[in-house]
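Please take a moment to look over the sequence and the 3D structure shown below. We can then walk through the fold together.

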Amino acid sequence: MLDVDAQRLNPADGPAYRAGGGQPTDPRRPLVIAGAFAAAIGLGAAIGLATAPTKTPAPRPAPTVAPPAEAQPPLEPSAWEGSRQPGAAHQMRVRLVDRRAFSASLAYALREGGIAGVATDDVVIPQGKLFYGAVEGVDSPADEYWAVGLAQVAGVTPAPPNPQVWKRTGNGPWQRIAQGPGACDGLPTGLFTVWQGRPPLCSGG
């Protein structure tokens, strides 16, 4: 009689037995154990993701503050309306409200650039240090208004480099678009004709 406790049979011929145990060994057991282990790992990962603290989204930058109303004074009726020549340049009369608008626009640009607390009254444009002109567009919304001048800003060190160049399109607000050496290079050349040459203050003095 065969000793089945000591014999190992081919699994294809029947169940295998461990020596001395007399109990059949299930060949699928290692696979079951591996599957359970993998399931435990997956469950742990899912719990970890569910309980992990969420990241706080980065704060969005504050929206840009709109230019002040005084940077957008009403325009005078244009002398060229009804007889337009797009590209033609004109000398413009500087009103007090225009001079105030240039100061407000520069103060706004400085605040937007990170210099806090600059007010319109802190910006002074000396008499005789401002040139103002316009270039006709195909219609009034396309008319361009330009100015170049020297500005003194109280309480700001170092002082903003001069000259300052402003631009306004149609009835929009004045914007300071350039400053310092080379600022006049972007001015329409037709303005130099009506200004009787390139303004000396374009050199900054």
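The paragraphs that follow go from the whole chain to its sheet, and then to one pair of strands.

Before we start, keep in mind that this is a predicted model. The chain has 205 residues, and 30% of them are buried. Its secondary structure comes to 3 helices and 9 strands. If you trace the chain along the sequence, you will meet these elements in the pattern β-β-α-β-α-β-β-β-β-β-β-α.

How are the strands ordered in the open sheet? Five strands make up this sheet, in the order 3-5-6-8-9, and their pairing is antiparallel. To find the edges, look for strand 3, at residues 89-91, and strand 9, at residues 175-179; each of these pairs on one side only. Going from one strand to the next, the twist averages 25 degrees.

Now let us step inside the sheet. Strand 6 covers residues 144-149 and strand 8 covers residues 164-169, and the two pair in the antiparallel sense over 6 bridges. Which residue of strand 8 stands opposite V148? It is V165, a handy place to rest your eye while you follow the pairing.

Finally, let us return to the chain as a whole. Among contacts with a separation of 6 or more, 57% join residues that lie 24 or more positions apart. On the outside, the chain exposes about 12,900 Å², and carbon and sulfur atoms supply 60% of that area.

Notes
Residues are numbered from 1 along each chain as its sequence is written. This is a predicted model: local features need pLDDT of at least 70, side-chain atom pairs count only at pLDDT 80 or more; totals for chains, interfaces and linings use all residues. Side-chain values use heavy atoms; hydrogens and water are left out. Two strands pair if DSSP finds at least two bridges between them. Helices (H or I, at least four residues) and strands (E, at least two) are DSSP runs, numbered from the N terminus. Axes are lines fitted to C-alpha atoms, for helices over the stretch in contact, and angles run from 0 to 180 degrees between N-to-C directions. Buried means under 20% relative accessible area, exposed over 50%, partly exposed in between (1.4 Å probe, protein chains only). Contact means heavy atoms within 4.5 Å. Accessible areas come from the Shrake-Rupley method with a 1.4 Å probe; for residues, only the protein chains shown count as cover.
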